[in-house]
Amino acid sequence: MAFELQKLSYSYNALEPYIDAQTMEIHHGKHHAAYTNNLNAAIQGTALEGKTIEEILTNISAHPVAVRNNGGGFYNHNLFWEMMAPGGAKSPEGDLLKAIDTAFGSYQNFKEAFTKAALTRFGSGWAWLVKQGDSLVISSTPNQDNPLMDLAEVKGIPVLGVDVWEHAYYLKYQNRRPDYVDAFFNVVNWDEVARRFKG
Ligand code: MN
């Protein structure tokens, strides 16, 4: 069973004005589709066929770079679409908020640290909120790497991530990555982040 491009649970224009419809359409329909197709091509006829994406990523250092890049791209975008929602909760609550307060002091401190990770990632990559046991840390990764990968500097379960590749924001925000990351916070699906944190 080959990996399939995940359908969005909302329309391409649902995250307007924060994430524009044209960016969503190209990002999902072209970029994510390409990662999915290229992942399938990279594992076809190998021992990785039939494994879950998590099984592949957690042992990624043993696999070719095409699997790392496209497997990461496949998984990261699956998460990314689910981490956003129109009209989602505007801030974390409950146990997730408690863990954020414990780890970072406050939601505002968390937001600043996460934004800094997103803005200081040189070139293409992602910023992450990562679950380590009951605790939370922030990290960033280059290219399509992620915290599940055995070669990641900061390992754990990604519960929130923002894509800072230029393809994620350039049509609307051009070089203004800070404006894009700020806008991203308006569409974070905190219910989904909380669900992932709960495990
Ligand atoms: Mn992307």
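The paragraphs below lead through this structure from the whole chain down to single residues.

The model is a predicted one, and a good place to begin is its overall make-up. The secondary structure of the chain amounts to eight helices and three strands, and if you follow the sequence from its start you meet them in the order α-α-α-α-α-β-β-β-α-α-α. The C-alpha atoms occupy a box of roughly 50 × 40 × 30 Å along the principal axes. For a chain of 199 residues, a compact globule would be expected to have a radius of gyration near 16 Å, and because the chain has 16 Å, the value agrees with that expectation.

How much of such a chain is buried? Of the 199 residues, 49% count as buried, while the accessible surface comes to about 9,500 Å², with 50% of this area belonging to carbon and sulfur atoms. The contacts tell us how the sequence is brought together: among those between residues at least 6 apart in sequence, 67% join residues that are at least 24 apart. As for charge, the chain carries 17 positive and 22 negative charges, and the mean positions of these two groups are 1 Å apart.

We can now turn to single residues, starting with a histidine in a helix. His 32 is part of helix 1, and it counts as buried because its relative accessibility is 0%, which is under the 20% cut-off. Although His 32 and Phe 74 are 42 residues apart along the chain, their C-alpha atoms are separated by 6.4 Å. Phe 74 is also one of the residues that His 32 touches, once residues up to four places away in sequence are set aside; the others are Leu 5, His 27, Gly 73, His 77, Asn 78 and Trp 81.

A second histidine, His 167, sits in the loop between strand 3 (157-163) and helix 6 (170-173). Its side chain makes a polar contact of 3.4 Å with the side chain of Asp 163. Leaving aside neighbours within four places in sequence, His 167 is in contact with Thr 23, His 27, His 31, Tyr 35 and His 77. His 27 and His 77 thus appear among the contacts of His 167 and also among those of His 32.

Another loop, between helix 5 (107-120) and strand 1 (125-132), holds Gly 123, which counts as partly exposed at 39% relative accessibility. The C-alpha atoms of Gly 123 and Pro 142 are 7.7 Å from each other, with their positions 19 residues apart along the chain. Beyond its neighbours within four places in sequence, Gly 123 is in contact with Val 164 and Arg 177.

Finally, the backbone deserves a look. Most residues other than glycine have a negative phi, and most peptide bonds are trans. Where, then, does the chain have a cis bond? The peptide bond from Glu 16 to Pro 17 is cis, with omega near 0°, and Pro 17 lies in the segment before helix 1 (21-43). Asn 143, which is not a glycine, has a positive phi near 55°; this residue is placed in the loop between strand 2 (135-142) and strand 3, and is partly exposed, with a relative accessible area of 40%. Gln 174 likewise has a positive phi, of about 50°, without being a glycine. Gln 174 belongs to the loop between helix 6 and helix 7 (177-184), and its relative accessible area of 32% makes it partly exposed.

How values were computed
Residues numbered from 1 in each chain as written. Predicted model: local features only at pLDDT ≥ 70, side-chain atom pairs only at ≥ 80, totals over all residues. Heavy atoms only, no water. Helix = DSSP H or I, 4+ residues; strand = E, 2+ residues; numbered from the N terminus. Rg over C-alpha atoms; globule rule 2.2 N^0.38 Å. Buried < 20%, exposed > 50% of the residue type's maximum accessible area, 1.4 Å probe, protein only. Contact = heavy atoms within 4.5 Å. Areas by Shrake-Rupley, 256 points an atom, 1.4 Å probe, with all protein chains shown as cover. Lys, Arg positive; Asp, Glu negative; His and termini not counted. Charge placed at Lys NZ, Arg CZ, Asp CG, Glu CD. Polar contact = N/O pair within 3.5 Å; in protein donor to acceptor, adjacent residues only side chain to side chain.
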